[in-house]
Amino acid sequence: MWCPGCGNGTVLGALLRAFEELKFKKEETVVVTGIGCWGKADDYVVTNALHTTHGRALAFATGIKAFNSKLNVVVLMGDGDSVTIGGNHFIHAARRNIDLTAIVVNNMNYGMTGGQVSGTTPSDKLTSTTVYGNPEREIDICTLAEVAGANYVARGTPYHGWELQKVITEALTKKGFSVVEVISPCPTHFGRNNKLKPALAMFRWLKEKAIPVEKYNPVTYPREEGYFPIGRLVDRDAPDFNSRYEEIRARAMRS
Ligand code: SF4
């Protein structure tokens with residue numbers, strides 16, 4: 001159902017190849033989605049799938065994982081679902097460090113409903129509800145995930161398909177809350193409104209501005225000029241929610 005030039009198909013391809021590489025069994029895998037264009041991805045997978053309400057995908061996924069820790073639970077959300085309307089669930093999933101993988105496609109607007117401003121629309125940019133420029137500042141999804149406690153945080157783009165598949169594969173095997181943010185084009189709304197970034201121009205922009213984290217230096221590549229690091233940004237081993245819960249349960253049983 002995705003428009004020509006949309007990044008969603010490429011991101012889904014990377015996810016499915018990662019499933020294949022890791023030999024995930026469909027009956028042991030649950031794809032949980034929110035509302036929005038990327039949330040329609042569950043129409044194209046043959047695993048268990050749950051299409052939930054807007055901003056609440058992580059809450060449903062938390063329930064699934066807490067009930068059955070053996071399942072591979074993958075949550076597909078857009079920027080609205082994850083850190084705008086669903087921002088509170090995102091913070092608490094990271095704080096709990098629950099063993100879920102969130103693949104967040106950040107197209108910097110509400111694409112499905114007509115290109116409205118979202119929490120990740122960059123300051124000054126034009127959308128259908130900020131026609132003279134966005135007066136607010138944008139949320140950095142990766143920084144939010146890191147400070148809230150996620151064990152693994154990475155960023156990619158659909159232009160860098162192989163690198164994207166690599167970080168998705170790492171995230172899927174990481175214990176604890178793992179987040180992959182994918183900066184992705186929405187040429188139908190965000191690109192069109194901004195003139196500078198329709199379809200092909202947006203992919204050129206990703207090619208120019210996305211810098212591998214090993215080479216990234218904020219002085220050489222300032223964020224104010226649109227540069228951003230891609231690759232693995234955070235990798236740590238704090239205990240996940242289910243392990244902590246089992247420890248405390250065992251303590252309670254002994255008392
Ligand atoms: Fe993709 Fe934007 Fe079209 Fe949605 S509206 S399918 S995000 S290009």
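Here are a few worked exercises on the predicted model above.

Numbering starts from 1 along each chain as its sequence is written. Since this is a predicted model, local features need pLDDT of at least 70 and side-chain atom pairs count only at pLDDT 80 or more, while totals for chains, interfaces and linings use all residues.

**Exercise 1. Size up the whole protein: what is its radius of gyration?**

Start with the inventory: 9 helices and 8 strands. These are DSSP runs numbered from the N terminus, helices being H or I of at least four residues and strands E of at least two. The radius of gyration comes out at 18 Å, close to the 18 Å of the globule rule for 255 residues, so the protein is as compact as a globular protein of that length. That radius is taken over C-alpha atoms, and the rule is 2.2 Å times the number of residues to the power 0.38. Along the principal axes, the C-alpha trace spans about 65 × 40 × 35 Å.

**Exercise 2. Work out which residues of helix α4 are buried.**

First, the cut-offs: buried takes 20 or more other C-beta atoms within 10 Å of a residue's own, exposed 12 or fewer, and partly exposed lies in between, with C-beta atoms placed from the backbone. In α4 (residues 87-96), that picks out His89, Phe90, Ala93, Ala94 and Arg96. Look down the helix axis next: the buried residues fall within an arc of 165°, so they line one face of α4. (The arc is that of the directions from the helix axis to the C-beta atoms.) Finally, find their partners: they pack against α2 (57-67), α3 (79-84), α5 (141-148) and α9 (241-254). Just past the helix, Asn97 has a positive phi of about 55°.

**Exercise 3. Is Thr143 buried or exposed?**

Go to helix α5, where Thr143 sits. Thr143 has 12 other C-beta atoms within 10 Å, so it's exposed. Now check a distant stretch of chain: Val234 is 91 residues away in sequence, yet the two C-alpha atoms are separated by 9.6 Å.

**Exercise 4. Find the residues that Ile103 touches.**

Contact means C-beta atoms, placed from the backbone, within 7 Å. Skip neighbours within four places in sequence, and you get Val11, Leu15, Val74, Leu76, Ile168, Val180 and Val182. Now zoom out: Ile103, with Val75 and Ile168, has the most contacts inside the largest nonpolar core, a set of 56 residues. Such a core holds buried Ala, Val, Leu, Ile, Met, Phe, Trp, Tyr and Cys residues joined through C-beta atoms within 7 Å. Helix α1 (residues 8-22) gives the most to this core, with 6 residues.

Technical notes: Two residues are in contact if their C-beta atoms, placed from the backbone, lie within 7 Å.
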